[in-house]
Amino acid sequence: MVRAIVGANWGDEGKGKITDMCAARADIVVRFQGGGNAGHTIINEYGKNALHLLPSGVFHKNVVNVIANGVALNIESLLEEIEGVKKSISAAGGEAAINLLVSDKAQVLMGHHILKDVYEEERLAERKFGSTKSGMAPFYADKFSKSGIQLWQLYDDGDLRAKIAGVCEKINIELKYLYKKDLLDPDAIYDGIMKLGEAVRPYVGDTLAFLRSAVREGKDILLEGQLGALRDVDHGIYPYTTSSNTLAGYAAAGAGIPPYEIKEILAVTKAYSSCVGEGPFVVELSGDEAEELRRRGGDAGEYGAKTGRPRRVGFFDAIAARYGCEVQGATCIALTGLDVMGYLKEIPVCVAYEIDGEKTESFPNSAKQYRAKPVYEYLPGWESDIRGAVREVDLPENAKRYVSFIEEYIGVPIAYISTGPKRDEIIIRQKNV
Ligand code: GDP
């Protein structure tokens with residue numbers, strides 16, 4: 001069966017933990033979009049690891065991890081990450097082998113994409129998008145204008161040196177006149193990328209053929225999304241989105257799997273809200289209230305896994321989460337970070353937005369979100385530590401009530417309730433799995 005695990009919010013929902021957990025019974029874990037511009041934090045027997053490009057199945061020996069065609073492939077970062085994970089595994093006494101297959105049709109993220117990303121944010125100054133400076137926007141612009149390079153070209157394109165020279169010619173005009181920076185040397189770029197191509201070559205293959213036959217054989221395949229629905233370039237808080245599609249719907253194209261084969265879409269949503277980077281964030285808290293929630297969510301790493309930036313935090317935004325689940329096409333939900341809420345006497349849940357004096361329950365465009373004020377309903381808290389709970393019956397009544405409230409509001413069954421960052425800190429609601 002093919003299942004997608006995707007984010008319903010702004011990213012950092014805890015998808016890494018849920019994928020790592022589900023990977024125990026999967027055959028294949030696939031990354032289908034985005035690049036190293038976000039991170040999954042995984043805490044298991046190998047310690048705490050932040051993954052950026054590697055699929056979250058890398059800690060399971062029997063899982064084949066696939067980086068599919070839709071991914072922005074920074075080869076240098078990938079090689080570093082492979083070394084880091086191998087080190088963590090062998091430090092814990094495990095066998096440091098990574099079962100990885102990288103699509104020969106993955107687009108290669110180049111050093112100049114990162115440079116342009118950095119220079120453009122500098123140029124925009126106050127109007128910046130809050131990029132992670134990983135090169136995503138220039139990378140996807142090149143991909144869709146067909147100035148990019150697919151991985152196979154490093155092995156099988158006699159014309160590549162000339163193509164790179166042609167691309168540099170254009171970029172150098174921008175570097176010289178717009179950004180006033182040093183120019184690119186096409187030969188150095190060619191030599192560098194060819195070297196990286198050789199280093200990654202042992203992992204490269206035809207992932208489409210591999211996945212198609214795995215689907216035919218009925219293998220258990222997990223499609224792992226990066227970031228969340230609200231950062232999707234089409235349906236998110238544009239222009240404060242990422243430059244790729246973060247939706248399960250894109251997984252079919254980004255991995256090359258028939259859309260009708262994706263039978264389950266597990267949307268991960270946090271029991272409160274958090275957001276790294278710029279853009280509207282209706283439920284944002286400030287001052288002591290924010291500091292407290294950020295501190296309580298400390299284990300939830302309320303500092304971005306990629307950038308170390310402090311996350312903006314707020315209470316659960318049911319409007320945003322319901323919209324996120326809707327655009328993901330969620331068939332079930334994993335609710336994470338429930339343990340974080342145990343300190344509150346009453347828990348505010350945002351159930352409507354007030355915009356220009358009118359109440360709405362729909363998720364509006366970015367300009368309206370900037371003008372929106374949250375309308376809260378207050379649920380009784382449970383004021384106790386539920387960290388590590390594995391059975392629903394052991395939860396305090398008010399915690400159960402909170403979960404049911406969210407489930408009813410969103411209208412999608414909650415299959416997993418995560419009660420801590422570790423792999424086994426989870427309640428599996430069998431009836432919904
Ligand atoms: P991802 O990009 O969606 O995988 O999210 P991140 O890994 O960036 O951020 C999620 C953070 O929450 C990580 O630090 C996880 O270890 C942590 N986490 C995941 N689930 C839970 C949970 O149920 N409770 C707590 N306290 N932390 C969690």
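Here are four short exercises with worked solutions on a predicted model of a protein with a ligand.

**Exercise 1. The ligand's surroundings**

Work out which residues sit closest to the ligand, and what kind of shell they belong to.

Solution. Start with the head count: 23 residues surround the ligand. The closest are Lys 15, Gly 16, His 40, Thr 41 and Ser 418. Next, sort the shell by residue class, which gives 5 nonpolar, 11 polar and 7 charged residues.

Now go down to atom pairs, looking for N or O atoms within 3.5 Å of each other. Lys 15 puts a backbone N or O atom 2.7 Å from an oxygen atom of the ligand. For Gly 16, a polar backbone atom is 2.7 Å from a ligand oxygen. Glu 13 joins in too, with a polar backbone atom 3.0 Å from an oxygen atom of the ligand.

Then check the cover: on its own the ligand exposes 590 Å², and the protein buries 98% of that. Finally, look at the secondary structure. Helix H1 (15-23) and strand S3 (40-44) are the elements that give two or more residues to the shell.

**Exercise 2. Two domains and their interface**

Find the domain bounds, then describe how domain 1 and domain 2 meet.

Solution. First, the bounds: domain 1 takes in 2-92 + 208-432, while domain 2 covers 107-202. Their C-alpha centres lie 30 Å apart. Second, count the contacts: 24 residues of domain 1 touch 22 residues of domain 2.

Third, get the area. About 1,700 Å² is buried between domain 1 and domain 2, and carbon and sulfur atoms give 65% of it. On the domain 1 side, Leu 73, Ile 75 and Ser 243 lose the most area to domain 2, together making up 29% of what that side buries.

**Exercise 3. Backbone oddities in loops**

Where are Pro 239 and Ala 125, and what are the omega of the Tyr 238 to Pro 239 bond and the phi of Ala 125?

Solution. Take Pro 239 to begin with: this residue is in the loop between strand S10 (221-228) and helix H9 (248-255). The peptide bond leading into Pro 239 from Tyr 238 has omega near 5 degrees, so to speak a cis bond.

Move on to Ala 125, in the loop joining helix H3 (111-124) and helix H4 (136-144). Its phi is near 45 degrees, a positive value in a residue other than glycine.

**Exercise 4. Following Tyr 343**

Locate Tyr 343 and list what it touches beyond its sequence neighbours.

Solution. Place the residue: Tyr 343 is in the loop between strand S15 (332-336) and strand S16 (346-355). Leaving out residues up to four places away in sequence, Tyr 343 touches Glu 292, Leu 293, Arg 296 and Phe 315. Now pick Arg 296, which is 47 residues from Tyr 343 along the chain; their C-alpha atoms are separated by 8.1 Å.

Note on methods
Residues numbered from 1 in each chain as written. Predicted model: local features only at pLDDT ≥ 70, side-chain atom pairs only at ≥ 80, totals over all residues. Heavy atoms only, no water. Near = heavy atom within 4 Å. Polar contact = N/O pair within 3.5 Å; in protein donor to acceptor, adjacent residues only side chain to side chain. Areas by Shrake-Rupley, 256 points an atom, 1.4 Å probe, with all protein chains shown as cover. Helix = DSSP H or I, 4+ residues; strand = E, 2+ residues; numbered from the N terminus. Nonpolar A, V, L, I, M, F, W, Y, C, P; charged D, E, K, R; others polar. Domains from an automatic or database assignment. Contact = heavy atoms within 4.5 Å. Buried area = accessible area lost by both parts, 1.4 Å probe.
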